[in-house]
Amino acid sequence: MAYNSKPVDVLVVGVTGAVDFLLNYIALSDQRSIGFTGKLIVRYLHAHRERSTFTLGVTARSTQKLKQLAVDLGLGSDVRQVVLNLATSHENEVERVIAGARVVINTVGPFYPTSLPVARCVTRFLSLVLVLTSSLFFV
């Protein structure tokens with residue numbers, strides 16, 4: 001899926017989870033929870049009563065994961081879908097995706113190794129950055 005350069009109001013980064021990637025870093029007791037937060041946020045925003053007042057975009061590591069997310073959550077063509085693999089993407093690619101978004105919600109994990117490119121970009125383009133993480137190494 002090619003990136004649509006038209007900016008979105010709200011961009012949710014990392015909505016599908018990365019079990020295979022995470023297993024290299026941590027031992028998981030419940031693999032079903034991976035991607036839970038991102039999907040929960042997208043589900044909430046997509047059904048929000050003010051949904052018609054903002055544009056929504058989501059990113060995932062692959063086209064296949066984006067298609068499955070769209071099916072699982074009933075996302076329409078009004079939700080912009082962007083393939084963005086933070087483990088392999090160059091910072092300028094991350095920048096192209098994030099630039100122009102008014103709000104970036106980063107649910108990528110494991111937070112420390114994958115969120116640095118996002119953090120660098122949002123601090124350049126957004127005046128307010130809120131980071132919610134349980135990753136002590138990142139803080």
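Analyst: A residue is called buried when its relative accessible area is under 20%, exposed when that area is over 50%, and partly exposed in between. The model discussed here is predicted.

User: Why is Glu91 called partly exposed?

Analyst: Glu91 has a relative accessible area of 29%, and because partly exposed covers the values between under 20% and over 50%, Glu91 is partly exposed.

User: What makes Glu91 and Arg124 a salt bridge?

Analyst: The closest N and O atoms of Glu91 and Arg124 are 3.1 Å apart, and a salt bridge needs a side-chain nitrogen of Lys or Arg within 4 Å of a carboxyl oxygen of Asp or Glu, so the pair of Glu91 and Arg124 is a salt bridge. Glu91 lies in helix α4 and Arg124 in helix α5, so this pair ties together parts that are 33 residues apart in sequence. Arg124 has a relative accessible area of 46% and is therefore partly exposed.

User: What makes Arg120 and Glu91 a salt bridge, and which parts of the chain does the pair link?

Analyst: Here the closest N and O atoms of Arg120 and Glu91 are 3.4 Å apart, which again satisfies the cut-off of within 4 Å. The pair links distant parts of the chain, with Arg120 in helix α5 and Glu91 in helix α4 (residues 91-98), 29 residues apart. Arg120 has a relative accessible area of 41%, so Arg120 is partly exposed. Glu91, Glu95, Arg120 and Arg124 are linked in a network of salt bridges, and a search of the whole structure finds 5 salt bridges.

User: How do you know that Arg51 and Asp78 meet in a salt bridge, and are the two residues buried or partly exposed?

Analyst: The side chains of Arg51 and Asp78 come to 3.2 Å, N to O, and the limit is within 4 Å, so the contact is a salt bridge. Arg51 sits in the loop between α2 (36-47) and β2, and Asp78 in the loop between α3 and β3, 27 residues apart. With a relative accessible area of 11%, Arg51 is therefore buried, whereas Asp78, at 44% relative accessibility, counts as partly exposed.

User: Why is Arg80, in strand β3, said to have no salt bridge?

Analyst: The nearest side chain of opposite charge to Arg80 is that of Asp9, at 7.3 Å, and because a salt bridge requires a distance within 4 Å, buried Arg80 has no salt bridge. The side chain of Arg80 does reach the backbone oxygen of Pro7 at 3.0 Å.

User: What makes strands β2 and β3 a pair, and how many residues of β3 are buried?

Analyst: Strand β2 (residues 56-60) and β3 are joined in the parallel sense over 5 bridges, and two strands pair if there are at least two bridges between them, so β2 and β3 are a pair. From β2 the chain crosses through helix α3 (residues 63-73) to β3, and this β-α-β crossover is right-handed. Leu56 stands opposite Val79 in β3. Strand β3 (residues 79-83) is mostly covered, with 4 of its 5 residues buried.

User: Why is Pro117, in helix α5, called buried?

Analyst: The relative accessible area of Pro117 is 14%, and the cut-off is under 20%, so Pro117 is buried. Pro117 and Ser89 are 28 residues apart in sequence and 8.9 Å apart in space, C-alpha to C-alpha.

Note on methods
Residues are numbered from 1 along each chain as its sequence is written. This is a predicted model: local features need pLDDT of at least 70, side-chain atom pairs count only at pLDDT 80 or more; totals for chains, interfaces and linings use all residues. Side-chain values use heavy atoms; hydrogens and water are left out. Buried means under 20% relative accessible area, exposed over 50%, partly exposed in between (1.4 Å probe, protein chains only). Helices (H or I, at least four residues) and strands (E, at least two) are DSSP runs, numbered from the N terminus. A crossover is right-handed if, with the strands pointing away from the viewer, the path from the first strand over the helix to the second runs clockwise. Lys and Arg count as positive and Asp and Glu as negative; His and the chain ends are not counted. A polar contact is a pair of N or O atoms within 3.5 Å; within protein, one must be able to donate a hydrogen and the other to accept it, and residues adjacent in sequence count only if both atoms are side-chain atoms.
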